[in-house]
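Colleague: I have a sequence and a model to go with it, and I would like to go through the charged pairs, the helices and the core. Can we take them in turn?

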Amino acid sequence: MKPSELRAMGMEELKNKEGELRKEFSNLSIQHSLGSLENPIKLRFMRKDIARVKTIILEMERKIR
């Protein structure tokens, strides 16, 4: 997901997106531990997406203050 797409979202949408990404990451990590995950590199991409969302949320919170 591109940062420009994330910046176009509102705060609530970003928080919902973060929750969705965390749930999906959790599911992928369980699949990875069971050995049924076909592409383990997807975990890395998920972590980076979560970090992007958290960074944009922090930027928006700092602009509000």
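Modeller: This is a predicted model. A place to begin is the salt bridge that glutamate 18 forms with arginine 22, where the closest N and O atoms are 3.2 Å apart.

Colleague: In which helix do glutamate 18 and arginine 22 lie, and how many residues apart are they?

Modeller: The separation of glutamate 18 and arginine 22 amounts to about one turn of the helix. Both residues sit in helix α2, and their spacing is four residues.

Colleague: Is glutamate 18 buried or exposed, and at what relative accessibility?

Modeller: Buried means under 20% relative accessible area. Its partner arginine 22, at 42%, counts as partly exposed. Glutamate 18 falls under the cut-off and so counts as buried, at 15%.

Colleague: How many salt bridges does a search of the whole structure find?

Modeller: One is the pair of glutamate 18 and arginine 22. Another joins aspartate 49 and arginine 52, with the closest N and O atoms 2.7 Å apart. Arginine 7 and glutamate 59 also form one, at 3.2 Å between the closest N and O atoms. The search of the whole structure gives three.

Colleague: Which parts does the pair of arginine 7 and glutamate 59 tie together, and how many residues apart are they in sequence?

Modeller: Arginine 7 is partly exposed, with a relative accessible area of 44%, and glutamate 59 is partly exposed at 31%. Arginine 7 belongs to helix α1 and glutamate 59 to helix α3, so the salt bridge links parts of the chain that are 52 residues apart in sequence.

Colleague: And aspartate 49 with arginine 52: which of the two is buried?

Modeller: The two residues are three apart in helix α3, about one helical turn. Arginine 52 has 32% relative accessibility and counts as partly exposed. The cut-off for buried is under 20%, and at 16% the residue that meets it is aspartate 49.

Colleague: Which residues does aspartate 49 touch, not counting those up to four places away in sequence?

Modeller: Arginine 52 is three residues away in helix α3, so that salt-bridge partner is left out of this count. With residues up to four places away set aside, aspartate 49 touches Met1 and Leu21.

Colleague: How far does helix α2 reach from its first C-alpha to its last?

Modeller: Helix α2 covers residues 11-34, which is 24 residues. At 1.5 Å a residue the expected value is 34 Å, and the reach in the model is close to that, at 35 Å.

Colleague: Which residues of α2 are buried, and what covers them?

Modeller: The buried residues of α2 are Leu14, Glu18, Leu21 and Leu28. What covers them includes α1 (3-7) and α3 (41-64).

Colleague: What phi does the glycine just after α2 take?

Modeller: The residue in question is glycine 35. Its phi is positive, at about 85 degrees.

Colleague: How far does α3 reach, and what do its buried residues pack against?

Modeller: α3 has 24 residues and reaches 36 Å from its first C-alpha to its last, close to the expected 34 Å. Its buried residues include Leu43, Met46 and Asp49. They pack against α1 and α2.

Colleague: Which helix gives the most to the largest nonpolar core?

Modeller: That core has eleven residues in all, among them Leu6, Leu14, Leu37 and Ile57. α2 and α3 each supply at least two of its residues. With six residues, the helix that gives the most is α3.

Colleague: Take isoleucine 50, a member of that core. Which residues does isoleucine 50 touch, leaving aside neighbours within four places in sequence?

Modeller: Isoleucine 50 is in helix α3 and is buried, with a relative accessible area of 11%. Its C-alpha is 9.8 Å from that of methionine 1, although the two are 49 residues apart in sequence. The contacts of isoleucine 50 are Leu21, Arg22 and Phe25.

Colleague: Which element has the lowest mean pLDDT?

Modeller: The mean pLDDT of the protein is 94, and 98% of its residues reach 70 or more. Among the elements, α2 has the highest mean, 96. The lowest mean, 91, belongs to α1.

Definitions and conventions: Residues are numbered from 1 along each chain as its sequence is written. This is a predicted model: local features need pLDDT of at least 70, side-chain atom pairs count only at pLDDT 80 or more; totals for chains, interfaces and linings use all residues. Side-chain values use heavy atoms; hydrogens and water are left out. The expected span of a helix is 1.5 Å times one less than its number of residues. Buried means under 20% relative accessible area, exposed over 50%, partly exposed in between (1.4 Å probe, protein chains only). Contact means heavy atoms within 4.5 Å. A nonpolar core is a set of buried Ala, Val, Leu, Ile, Met, Phe, Trp, Tyr and Cys residues joined through side-chain atoms within 4.5 Å. A salt bridge is a side-chain nitrogen of Lys or Arg within 4 Å of a carboxyl oxygen of Asp or Glu. pLDDT is the predictor's confidence in each residue, from 0 to 100.
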